[in-house]
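The following exercises are to be worked with the sequence and the coordinates at hand. Each task is followed by a solution in steps.

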Amino acid sequence: NLLVTWHRKDSQVRCWSRRDRQWISLATIDTPMDPRSVVWQKGANRLWVACGWSRQIACYAISRSDMQLSAELVGLTDCDFSPGKLCLVEDSDRLLVADAFGGALGMLDTETRLWAGRHDFLGQAIARVHAWIAPFEAL
């Protein structure tokens with residue numbers, strides 16, 4: 001099991017594992033300014049980090065050996081808004097990115113790390129909206 005925490009003040013993400021009733025630090029990853037949200041992409045072993053102040057989404061490839069993790073920066077994707085919450089769309093290669101302060105909702109392709117779409121909900125603070133995203137079948 002892996003616990004991931006982010007620390008805005010230090011611009012770091014920390015990865016932890018529990019062993020013998022203690023939390024063991026596996027890695028400390030330096031990120032662009034102001035990490036606000038993280039999401040783990042299981043199948044690809046990637047960690048996505050929304051970095052608010054720098055207006056970027058950071059993608060890291062994670063590999064594990066024994067009780068150590070290594071993180072390699074795959075790339076940074078620039079945003080034209082301050083990214084807040086992240087959500088992987090189940091059974092797809094899409095990452096939803098909510099604006100930390102406004103109404104922008106972006107969709108990022110996790111394969112190419114390019115923007116696949118965007119919608120603006122005028123007058124809304126979209127990061128404060130909690131929604132379940134689930135695939136549905138057309139009738």
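Does D109 count as buried or exposed, and at what relative accessibility? The model is a predicted one, in which local features need pLDDT of at least 70 and side-chain atom pairs count only at pLDDT 80 or more, while totals for chains, interfaces and linings use all residues. Residues are numbered from 1 along each chain as its sequence is written, and side-chain values use heavy atoms, with hydrogens and water left out.

**Exercise 1. Classify D109 and describe its salt bridge with R94.**

Step 1. Buried means under 20% relative accessible area, exposed over 50%, and partly exposed in between, with a 1.4 Å probe and protein chains only. D109 has a relative accessibility of 13% and therefore counts as buried.

Step 2. A salt bridge requires a side-chain nitrogen of Lys or Arg within 4 Å of a carboxyl oxygen of Asp or Glu. The side chains of D109 and R94 form one, with an N to O distance of 2.8 Å. This pair links distant parts of the chain, since D109 lies in strand β10 (residues 104–109) and R94 in strand β9 (residues 94–99), 15 residues apart. Strands here are DSSP runs (E, at least two residues), numbered from the N terminus.

Step 3. R94 is partly exposed at 25%. Its side chain also meets that of D93 in a salt bridge, at 3.4 Å from N to O. D93 has a relative accessible area of 26% and is partly exposed.

**Exercise 2. Determine which residues are linked with R8 in a network of salt bridges.**

Step 1. The structure holds seven salt bridges. In one of them, the side chains of R8 and D34 meet at 2.7 Å, N to O. The two residues are 26 apart and link distant parts of the chain: R8 belongs to the loop between β1 and β2, D34 to the loop between β3 and β4 (35–41).

Step 2. R8 is partly exposed at 43% relative accessibility, whereas D34 is buried at 12%.

Step 3. The network comprises R8, D34 and R36.

**Exercise 3. Establish the strand order and pairing of the open sheet that three strands form.**

Step 1. The order is β1-β2-β3, with antiparallel pairing. The edge strands, β1 (3–7) and β3, each pair on one side only. Two strands pair if DSSP finds at least two bridges between them.

Step 2. β1 and β2 are joined by five bridges, and V4 stands opposite C15 in β2.

Step 3. Eight bridges connect β2 (residues 12–19) with β3 (residues 22–30); S17 has I24 of β3 as its bridge partner. These two strands form a hairpin with two residues between them, and D20 in the turn has a positive phi of about 50°.

**Exercise 4. Describe the surroundings of S82 in the loop between β7 and β8.**

Step 1. The loop connects β7 (68–78) and β8 (83–88). S82 counts as buried, because its relative accessibility is 7%.

Step 2. Contact means heavy atoms within 4.5 Å. Beyond its neighbours within four places in sequence, S82 touches R36, G52, W53, R55, A98, D99, A100 and F101.

Step 3. A polar atom of the S82 side chain lies 3.0 Å from the backbone oxygen of G52.

Technical notes
Helices (H or I, at least four residues) and strands (E, at least two) are DSSP runs, numbered from the N terminus. A polar contact is a pair of N or O atoms within 3.5 Å; within protein, one must be able to donate a hydrogen and the other to accept it, and residues adjacent in sequence count only if both atoms are side-chain atoms.
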